Every structure is written in structure tokens, then in C-alpha cells.
Amino acid sequence: MDAIFEKANEKMEKSINALKNDYAAVRAGRANANVLDKIMVDYYGTPTHINQMAAVSIAEARILVIQPWDVSTLHPIEKAIQISDIGINPQNDGKVIRLMFPQLTEDRRKEIVKEISKRAEDAKVSVRSIRRDCIESLKSLKKKSEITEDDLKDGETKLQKITDKFINNIEEILKAKEKEIMEI
């Protein structure tokens with residue numbers, strides 16, 4: 001029975017980590033190197049992440065600087081950023097690429113908050129689905145007479161407490177991201 005609780009914790013933790021990674025790529029009006037994580041550059045025929053072929057740093061609050069280790073990759077990196085969906089036009093000076101993050105409008109901030117709220121709700125659904133699967137596993141054990149009715153009730157209560165802990169964690173992550181986005 002403990003294996004079921006461990007499995008639930010592990011899977012719910014993965015849902016939380018997926019949400020955090022998802023939120024890391026959300027642009028909040030300030031420079032954030034994580035927006036480049038999903039962009040792949042054709043590097044001698046191999047799709048490569050930008051951070052594997054260049055130094056990425058934050059020069060100012062809203063300026064991201066990409067300095068390739070091989071200057072010949074400057075144009076492919078610039079092209080990959082232009083065709084990506086991050087919505088920022090790269091500025092290439094021949095040595096480095098600068099990404100200027102524009103200040104977000106109030107309407108755009110509200111749109112982003114709606115977007116991240118939906119992602120948080122998806123994470124909650126995922127956590128609840130894991131709880132449901134684990135309860136089914138407990139009921140299966142009860143059917144096989146491996147646990148008693150009391151064990152089943154205790155297990156369901158314990159799973160609910162685990163679920164509540166992760167749902168609260170998702171809420172805290174959402175509130176922190178909303179605060180970050182709504183700050184001017």
C-alpha cells in the first residue's frame with residue numbers, strides 16, 4: 001500500500017515540475033533566458049538548443065544577450081529566434097544578439113494571467129487524475145482481499161491529504177507567477 005502513496009507523490013511532483021517549467025518560459029516583461037529553451041537552431045545539420053552553442057546572459061532587466069561561441073552561428077541563431085513564437089525581434093550587431101523585451105500592456109498581462117490560470121487548472125486536473133488512479137489501485141487491493149475496508153478508507157483519506165497538499169502548492173505557484181506578471 002505504501003508503494004501506491006509513493007507513486008502518487010512521485011507523479012504529482014512531476015506535474016508540479018512540469019507546471020514550473022511551463023511557467024519559466026512565460027514572458028513577464030523582463031529578460032528571461034528560459035524563453036529560449038524551446039528554440040532549436042540548425043547547427044551543422046543537428047537541431048541544437050541556443051544555450052548549448054552560446055553564452056546567454058541578462059544585460060539589463062529587459063535585455064537578453066546571446067553571444068555565440070562560434071561567430072558563424074550568429075545568423076542561424078537570429079533566424080531561429082525570428083521564426084519562433086516568442087514575439088521578440090533579435091538585434092544582431094555582428095558579435096552578439098540582443099533581445100529587447102518590451103514592457104507588457106495591461107491587456108496583455110491579463111491575457112497571460114488567464115493563460116497561466118488555465119495551465120494551473122490543467123495541473124490540478126492531472127493531480128486529481130493521479131489520485132483517482134491510486135484510489136482504483138486501492139480498491140483493486142480490497143477486491144483481492146489484500147487490505148481491509150478500514151485500510152481502504154484510511155488510504156483514501158491519506159491520498160486526499162496528499163492531493164490537497166499538491167493542489168495548494170499549485171495555487172501558490174500560480175499566485176507567485178500572477179504577481180510577477182502583474183508587477184509593472
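**Entry 1: β3 and β4.** I looked up the pairing of strand β3 (residues 54-60) in this predicted model. Six bridges join β3 to β4, and the two strands run antiparallel. The connection between β3 and β4 is a hairpin through two residues. For a register mark I noted Ala55, which stands opposite Gln67 in β4.

**Entry 2: β4 and β6.** I then asked which strand β4 pairs with besides β3. I found strand β6 (residues 97-100), paired with β4 in the antiparallel sense over four bridges. Here the register mark is Ile63, which stands opposite Met100 in β6.

**Entry 3: cover of β4.** Is β4 (residues 63-68) largely enclosed or open? I counted five of its six residues as buried, so the strand is largely enclosed by the rest of the structure. I kept in mind that in a regular strand the side chains alternate between the two faces of the sheet.

**Entry 4: the whole chain.** I listed four helices and six strands in the protein chain. Their order along the sequence is α-β-β-β-β-α-β-β-α-α. I compared the radius of gyration, 22 Å, with the 16 Å that the globule rule gives for 184 residues; the value is well over the rule, so the chain is more spread out than a compact globule. The C-alpha trace spans about 70 × 40 × 20 Å along its principal axes.

**Entry 5: burial, contacts and surface.** I noted that 38% of the 184 residues count as buried. Among contacts with a separation of 6 or more, 62% come from residues 24 or more positions apart. The exposed area of the chain is about 11,000 Å², and carbon and sulfur atoms supply 49% of it. For charge I found 32 positive and 32 negative side chains, with the centres of the two sets 2 Å apart.

**Entry 6: positive phi.** I checked backbone angles last. Most residues other than glycine have a negative phi. Tyr44 has a phi near 50°, a positive value in a residue other than glycine. I placed Tyr44 in the loop between β1 (40-43) and β2 (46-49). Is Tyr44 buried or exposed? Tyr44 counts as exposed because its relative accessibility is 65%, and the cut-off for exposed is over 50%.

Ser145 is another residue I noted, with a positive phi near 60°. I found Ser145 in the loop between α3 (106-143) and α4 (149-182). At 64% relative accessibility, Ser145 also counts as exposed.

How values were computed. Residues are numbered from 1 along each chain as its sequence is written. This is a predicted model: local features need pLDDT of at least 70, side-chain atom pairs count only at pLDDT 80 or more; totals for chains, interfaces and linings use all residues. Side-chain values use heavy atoms; hydrogens and water are left out. Buried means under 20% relative accessible area, exposed over 50%, partly exposed in between (1.4 Å probe, protein chains only). The radius of gyration is taken over C-alpha atoms; the globule rule is 2.2 Å times the number of residues to the power 0.38. Contact means heavy atoms within 4.5 Å. Accessible areas come from the Shrake-Rupley method with a 1.4 Å probe; for residues, only the protein chains shown count as cover. Lys and Arg count as positive and Asp and Glu as negative; His and the chain ends are not counted. The place of a charge is taken as NZ of Lys, CZ of Arg, CG of Asp or CD of Glu. Two strands pair if DSSP finds at least two bridges between them.
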